[in-house]
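Here is a guided walk through one structure. It moves from rings to a pocket and then to charges.

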Amino acid sequence: MQLKKIETAINRYKAFLKSGSQHREVFPWESQQIFQAHWNIDAPDFAAMYDAALQNSHTRRWWSGDNFAPKKRMLQFIHLNEDFVRTMFRELFNESKPIANRISKFQFGCDILLQDFKEANPTSIENNHDHQENHLISLYLAFRYPSEYAVYFYPEFANLMKTIGSTKIPAPYEMERFFKITNTLTTFLYKDEELLQLHQKNIQSDQLYQLPSKLLVTDFYRFIGSEDE
């Protein structure tokens with residue numbers, strides 16, 4: 001990564017924020033607020049809690065879309081084996097263990113549950129749990145620990161890395177490197193007082209999460225990465 005190119009990208013992002021563009025997505029901060037208000041690993045009705053934690057008044061496209069239904073699939077898994085899924089999330093959110101191990105173990109648990117689901121529903125054509133590509137797992141982590149994790153969108157992230165002069169772009173499965181790089185980028189973003197003021201101005205709503213959040217670096221790299229496709 002090259003410092004001058006990072007600074008140029010940040011200035012482009014600030015110009016975008018200054019423009020008051022209606023294209024900026026603020027719905028993630030609403031989802032993060034909702035998740036923070038509803039998530040309870042010990043909830044008696046885990047399925048109802050999970051469903052309530054993943055909601056948004058504008059869109060659900062981060063967890064539901066064409067040929068993409070990870071929330072639906074997880075609810076099916078919860079109804080199939082609630083205790084197993086509860087343990088999966090408990091271990092995913094255990095910050096005392098290495099992140100790469102937690103992610104791979106969560107994905108392995110989803111693989112097991114998908115097989116169990118297919119055995120219990122032999123006429124089902126479902127062959128995908130939509131958690132193997134890391135987006136949803138990063139979303140769970142980002143919503144549970146807002147100041148620690150960014151949300152993962154690989155194409156935009158890879159484009160951002162090219163834009164800022166990186167010669168070693170992480171592979172799609174290298175989540176630990178992704179989190180380390182977004183931590184570094186967050187440091188640059190939070191040093192820019194003008195950027196923070198512009199950002200706060202854009203999320204002034206009781207419905208949006210107000211505390212420090214790596215949704216800011218997610219928004220930054222997705223904007224630059226989309227612009228530079």
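A residue counts as buried when its relative accessible area is under 20%. Keep that cut-off in mind. Phe-89 has a relative accessible area of 0%, so it is buried. Phe-46 also has a value of 0%, so it is buried too. The model is a predicted one.

Start with the rings. The structure holds 27 aromatic pairs. Phe-46 and Phe-89 form one of them, a tilted pair. Their ring centres lie 6.1 Å apart, with 50 degrees between the planes. This pair links distant parts of the chain. Phe-46 belongs to helix α3, which covers residues 46-53. Phe-89 belongs to helix α5, residues 82-92. In sequence, 43 residues separate the two.

Next comes a pair with another geometry. Phe-157 and Phe-178 meet edge-to-face, 4.9 Å from centre to centre. Their planes stand at 85 degrees. Here, too, distant parts of the chain are linked. Phe-157 lies in helix α8 (residues 154-163) and Phe-178 in helix α9 (residues 175-191). The two are 21 residues apart. Are these rings buried or exposed? Both Phe-157 and Phe-178 are buried.

Rings can also face a charge. The charged end of Arg-144 sits over the ring of Phe-93, at 6.0 Å from its centre. Arg-222 lies over the face of Phe-153, and here the distance to the ring centre is 3.8 Å.

Arg-222 and Phe-153 lead on to a pocket. Both help to line the second largest pocket. What is the volume of this pocket? It comes to about 230 Å³. The lining also includes Glu-25, Arg-61, Trp-62, Phe-68 and Asn-128. Further along the chain, Asp-130, Gln-132, Glu-133, Asn-134 and His-135 take part. By character, the lining divides into 3 nonpolar, 4 polar and 5 charged residues.

Now turn to the charges. How many salt bridges does a search of the whole structure find? It finds 12. In one of them, the side chains of Asp-51 and Lys-71 meet, with 2.8 Å from N to O. Asp-51 lies in helix α3 and Lys-71 in helix α4 (residues 70-80), so this salt bridge ties together parts that are 20 residues apart in sequence. Helix α3 is also the helix of Phe-46. The two partners sit in unlike surroundings. Asp-51 is partly exposed, with a relative accessible area of 31%. Lys-71 counts as buried, because its relative accessibility is 9%.

Another salt bridge stays within one helix. Arg-86 pairs with Glu-82, and their closest N and O atoms are 2.6 Å apart. Both lie in helix α5, 4 residues apart, about one turn of the helix. Arg-86 has a relative accessible area of 12%, so it is buried. Glu-82 is partly exposed at 25%.

A further salt bridge brings together the side chains of Glu-95 and Arg-102, 2.8 Å from N to O. Glu-95 is partly exposed, with a relative accessible area of 36%. Arg-102 is buried, since its value is 6%. Finally, some salt bridges share partners. They join Lys-14, Lys-18, Asp-192 and Glu-194 into one network.

Key
Residues numbered from 1 in each chain as written. Predicted model: local features only at pLDDT ≥ 70, side-chain atom pairs only at ≥ 80, totals over all residues. Heavy atoms only, no water. Phe/Tyr/Trp six-rings, centres within 6.5 Å; stacked < 30°, edge-to-face > 60°. Buried < 20%, exposed > 50% of the residue type's maximum accessible area, 1.4 Å probe, protein only. Lys NZ or Arg CZ within 6 Å of the ring centre and 35° of its normal. 1 Å grid on protein atoms, 1.4 Å probe; cavity = no way out; pocket = protein on both sides within 12 Å on 5 of 7 lines; lining within 4 Å. Points joined across faces, edges and corners; volume = space filled by probe spheres on them. Nonpolar A, V, L, I, M, F, W, Y, C, P; charged D, E, K, R; others polar. Salt bridge = Lys/Arg side-chain N within 4 Å of Asp/Glu carboxyl O.
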